[in-house]
Amino acid sequence: MKKIILVLSVIAMLVTSCAEKEEFTIKGTLPSSEYDGKEVYLKVLGENWKDLVAIDTATVYNGSFEFKGLAQGGSLVHFVELAEPTDAVKRPLLLIVEPGQIEVSMDTVSTVKGTASNNSYQEFNDKLAAIDSEMKAIYKKAQEDTTKTAQAELEKQFEEKDAQKSALNYDFIKANAQSQLGAYLFASRSYMLSLDQMKEISALIKSEYKSNERMKKVEARIQALDATAEGKAFTDLKGKTPEGADASLADYAGKGKYVLVDFWASWCPPCRAEMPKLVEAYKLNKGKAFEIVGISLDKTNEDWVKGIKNLNISWPQISDLKFWDSELAAAYGVNSIPHLVLLDKDGKILARGLSADQAIEKLNDLLK
């Protein structure tokens, strides 16, 4: 009997020891005592990685709150969020639940620290914030100094900072690709990466993280971008004209003309800003071996037609009127507009992701 009691005691001690090693504590603070009595949720990613699911609740006391539990299943993405967000604390704050004490400060600028993963993630966010601050300063200067020389230099500086931001995201996501954090950031920020970078990181992501809808969309975009990369034959797009007739990109592409495919929408300010340049280029090159085909991401036919009229667009238009769910945009992996794709006379993709100025410069060379 004593031997049985001894064995059970040893087992109990081992279980307790393992549990202690998995324990985590989240100690959070808020800007002031005015948050006292309010509730804070601890949330995890939902099945589709879009919605968040609350798994615990804490009440704020003396400007502080606390969560405790066991970090089972490794280092996983969690969020802390006020039940009633304020102007100062609006968004859920991402943190990594893992064994140890995690310190959270929720304010207009929130921070997380205390464990290895959270310290690393906070350092990454601090670097991003510094670049964002520099980009805002450059943008402010561009508004103040509108001379052509200054604008060109400031645009160059802005693009350099944007490239630094993309490189920082790539390096961090790749370094953490085996974790849920890396997979989540990849699903959220893949738009900042090149096709080759996306392929590289996708190959590193664990299969268990590829089953949710958000990641499936990223994988589908990789396939679409690969199929419509420079040097590939164009992928046909089928939809309706503003008048409701059936139309396809194949009606124009590969017919002996250079075709500029313009993904745009009437609700898109950058598209509207670029449009006068395309309108002018279309007028200047009328009668040459050149055509523009607009692929609209508008929501309604009424807005689409109104945009065409107001912007003096006279080239062919196609749309499925599905906004960001557009199958036409998805076929080319387009997730930001304006997005220009240039096809040669045989329908081969010469370049994509061009600005209006870049597209016009290429066309001027081709149409000499």
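Trainee: What is the relative accessible area of G231?

Mentor: This is a predicted model, in which local features need pLDDT of at least 70 and side-chain atom pairs count only at pLDDT 80 or more, whereas totals for chains, interfaces and linings use all residues. Residues are numbered from 1 along each chain as its sequence is written, and side-chain values use heavy atoms, with hydrogens and water left out. Buried means under 20% relative accessible area, exposed means over 50%, and partly exposed is in between, with a 1.4 Å probe and protein chains only. G231 therefore counts as partly exposed, since its relative accessible area is 47%.

Trainee: Which residues is G231 in contact with, leaving aside its neighbours within four places in sequence?

Mentor: G231 has its place in the loop between helix 6 (213-227) and strand 9 (238-240), where helices (H or I, at least four residues) and strands (E, at least two) are DSSP runs numbered from the N terminus. Contact means heavy atoms within 4.5 Å. With the neighbours within four places set aside, the contacts of G231 are K348 and I349.

Trainee: Which strands stand at the edges of the sheet with the order 4-1-7-8?

Mentor: This open sheet has four strands and mixed pairing, and two strands pair if DSSP finds at least two bridges between them. An edge strand here has a single partner strand, so one side of it is left without a neighbour in the sheet. That description fits strand 4 (64-70) and strand 8 (111-113).

Trainee: What angle does the direction of helix 2 make with that of strand 8?

Mentor: Strand 7 (residues 100-105) and strand 8 pair in the antiparallel sense over three bridges, and T111 of strand 8 is the bridge partner of S105. Helix 2 (residues 116-144) packs on the sheet and touches strand 7 and strand 8. Axes are lines fitted to C-alpha atoms, for helices over the stretch in contact, and angles run from 0 to 180 degrees between N-to-C directions. On that basis, the direction of helix 2 makes with that of strand 8 an angle of about 145°.

Trainee: How are helix 2 and helix 3 oriented to each other, roughly parallel or roughly antiparallel?

Mentor: The axes of helix 2 and helix 3 (residues 148-175) come within 9 Å and cross at roughly 170°. Angles under 35 degrees count as roughly parallel, over 145 as roughly antiparallel, 65 to 115 as roughly perpendicular and the rest as oblique. The two helices are therefore roughly antiparallel.

Trainee: How many residues of the contact of helix 2 with helix 3 are nonpolar?

Mentor: Helix 2 contributes residues including Y121, F124 and L128, and helix 3 contributes residues including L154, F158 and L168. Ala, Val, Leu, Ile, Met, Phe, Trp, Tyr, Cys and Pro count as nonpolar, Asp, Glu, Lys and Arg as charged, and the others, Gly among them, as polar. Five residues of this contact are polar and seven are charged, while the number of nonpolar ones is eleven.

Trainee: Which strand gives the most to the largest nonpolar core?

Mentor: A nonpolar core is a set of buried Ala, Val, Leu, Ile, Met, Phe, Trp, Tyr and Cys residues joined through side-chain atoms within 4.5 Å. The largest one has 44 residues, of which L249, L260 and F263 touch the most other members. Among the elements that each supply at least two residues are helix 7 (269-284), strand 12 (290-296) and helix 10 (356-366). With six residues, the strand that gives the most is strand 11.

Trainee: Which residue in the turn between strand 2 and strand 3 has a positive phi?

Mentor: Strand 2 (residues 39-45) and strand 3 (residues 52-59) run antiparallel and are joined by seven bridges, with L42 standing opposite D56 in strand 3. They form a hairpin with six residues between them. The phi of about 65° in the turn belongs to W49.

Trainee: What is the relative accessible area of N312?

Mentor: N312 is found in the loop between helix 8 and strand 13 (317-319). Its phi is near 60°, a positive value in a residue other than glycine. N312 is exposed, with a relative accessible area of 55%.

Trainee: Which residue does a cis peptide bond join to I337?

Mentor: The residue in question has its place in the loop between helix 9 and strand 14. Omega is about 5° for this cis bond, which joins I337 to P338.
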